[in-house]
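The exercises below are meant to be worked with the sequence and the coordinates open side by side. Try each task before reading the solution that follows it.

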Amino acid sequence: MTTTLSFEAEVARLIVEALHLETPPEAIDPEAPLFGEGLGLDSIDALEIALAVSRRYGFQLRSDDERNHRIFASLRALAAHIGAHRTA
Amino acid sequence: MPGLPLTSRGLEEVLFRRGAAPVTVARFLAEVAALAARLPAEGPVLNFCADRYLALLGFAAALSRGHVTLLSADRTPQRLAEIAQRHGAGYALSDVAVALPLPVLRPDAMPGENAPNPMIPAEAVAAIAFTSGSTGEPQPHAKPWGALVAGARGAAETFGVTGGTSILGTVPAQHMYGFETTVMLPLQGAGAGHAGDVFYPQDIAAALAALPAPRLLVTTPLQLRALLRSAVAMPALDGIVSATAPLSDALAAEAEAAWGAPVREIYGATEAGSIASRRTLAGPGWTPYPGTTFTIGEDSASVTVPGLPAPVPLSDRLVWDSEGCFRLEGRLADMVKVAGKRASLAGLARILTGIAGVEDGVFVAPDDLDANPQARLAAAVVAPGLSADAIVAALRERVEPAFLPRPVVMLPALPRDTMGKVSRNAIAALAWRR
């Protein structure tokens, strides 16, 4: 296991670890919604993810980033958002 | 029939702030009249505005037309459509684009020439709030206008809110707690509400900094924790109000030390509204809201609330403390509250065992459920051939996300004590041994 994790896989692992999910990181469909009928996350999880992101990647999520719609639309969207805004 | 005016505030007082722009009561009443004139003929109205001022404006205009407002904090199209259909909504008011099978209006209004302060009968049902229950089926709770007004005045008195206090809420205007403390409080009590929709630590800090002091933050234990952990720079606060879940002494102490303001909690329920408060660090005694009467028995408790037609049963065990205060001694065994939502453990277990391939299963609440805002339920499941992931996937279609178990413990058989009763403690030890 020496290959570099793709950034999406890294974010998937961050989510599973931060939220103590039963779903293995690699089983998260990168295109599926994280909330509601997808992974079934809720607003507690949104805050937890925001905290984990600020610790690991050095920036704060904000509501005017259209929180539940674009960023959390999918793992892929979240990873892209983090990739574009990270400072660490 | 006794009536109460739409607002108790003076015409020149600031009722709300939209960004930096103050909205006076006179301006608000002129906008209410203009919006009311263009509303459809028949209610009820589904109001799910994200902007708190628009939520208030829409509610007030509908009320002045005699239309009942359906308050749904859940903005998923499926839930909104379900509530609209079940309650025969005539139209919806929103600033959020959601496709619904009924007319959706944006409650923006240029102020008209007239700005009456209409009288509303105290008995008239002004709003219907919803609780979700374990299966997510919304249960309606009617709110007479008189009860909403009494609650707002109780909150103003309890929290010492003055005319110039800026009130920043992080809870949706359509959640009962948010509606009472960030919509009704300015309308019928005191203070100026903040219109914006804030959620993350950075939003909260930036919005507070833009508001004039004194500042009151109306929030939840989860957001308090996130604010403290994220260490965003906060302006001076004059008060913090927390509700929806119990707040730990440690978190309250940390917040008071960081921001130099008292942290107070509200005890309440959607059915009853806010009914008691305490300063967390002052001790476990809760002071009833003005006008409420508690009836506390051995195995049950209920509260009589001004403006509500009948006493409301409570799902916690209450005990009288000194001087008219009560203590909370835990919940009635089967009821749990996660993420501000209540469910019955037995009800959840029935759903779990209804899944094809599940032979047996129970839900268990952790010991710190009432103290840890991040706590989740666990499930112990007997289902040869099914994975924990598959169980969660099946539950996802049947229960609210808040109640999805973390972790799921797969077992060959449920542990039972010598009496044959499922051992909650044995399951808890397996679930939370980490």
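**Exercise 1.** Which residue in strand 19 of chain B does Thr295(B) stand opposite?

*Solution.* Bear in mind from the outset that the model is a predicted one. Begin with the pair of strands concerned: strand 18 and strand 19 (residues 301–304) of chain B run antiparallel and are joined by 4 bridges. Within strand 19 of chain B, the residue that faces Thr295(B) is Ser302(B). Next, place this pair in its sheet, which is open, has 3 strands in the order 18-19-20 (chain B), and is paired in antiparallel fashion. Finally, consider the edges: strand 18 (293–296) and strand 20 (312–313) of chain B each have a single partner strand, so one side of each lacks a neighbour in the sheet.

**Exercise 2.** Determine how chain B is divided into domains, and describe the side of domain 1 that touches domain 2.

*Solution.* The division gives domain 1 of chain B as 3–331 and domain 2 as 335–431. Taking the C-alpha centres of these two domains of chain B, one finds a separation of 32 Å. The next step is to count contacts, for which two residues qualify if their C-beta atoms lie within 7 Å. On this basis, 15 residues of domain 1 of chain B are in contact with 18 residues of domain 2 of chain B. On the domain 1 side, helix 7 (residues 221–230) of chain B supplies the largest share, namely 3 residues. Sorted by class, that side of domain 1 of chain B holds 9 polar, 4 nonpolar and 2 charged residues.

**Exercise 3.** Compare the end-to-end span of helix 5 of chain B with that of a straight helix, and state whether its residues are buried or exposed.

*Solution.* Helix 5 (residues 176–188) of chain B has 13 residues, for which a straight helix at 1.5 Å a residue would reach 18 Å. The end C-alpha atoms of helix 5 of chain B are, however, only 16 Å apart, which falls short of that value. As for burial, 13 of the 13 residues of helix 5 of chain B are buried, so the helix is largely enclosed by the rest of the structure.

**Exercise 4.** Assess how compact chain B is for its length.

*Solution.* Start with the composition of chain B, which comes to 11 helices and 27 strands. The radius of gyration of chain B is 23 Å, close to the 22 Å that the globule rule gives for 434 residues, so chain B is as compact as a globular protein of that length. Along its principal axes, the C-alpha trace of chain B spans about 75 × 50 × 45 Å. To complete the picture, 48% of the 434 residues in chain B are buried.

Notes
Residues are numbered from 1 along each chain as its sequence is written. Chains are lettered from A and ligands numbered from 1 in the order in which they are written. This is a predicted model: local features need pLDDT of at least 70, side-chain atom pairs count only at pLDDT 80 or more; totals for chains, interfaces and linings use all residues. Domain bounds come from an automatic or database domain assignment. Helices (H or I, at least four residues) and strands (E, at least two) are DSSP runs, numbered from the N terminus. Ala, Val, Leu, Ile, Met, Phe, Trp, Tyr, Cys and Pro count as nonpolar, Asp, Glu, Lys and Arg as charged, and the others, Gly among them, as polar. Two strands pair if DSSP finds at least two bridges between them. The radius of gyration is taken over C-alpha atoms; the globule rule is 2.2 Å times the number of residues to the power 0.38. A residue is buried if 20 or more other C-beta atoms lie within 10 Å of its own, exposed if 12 or fewer, and partly exposed in between; C-beta atoms are placed from the backbone. The expected span of a helix is 1.5 Å times one less than its number of residues.
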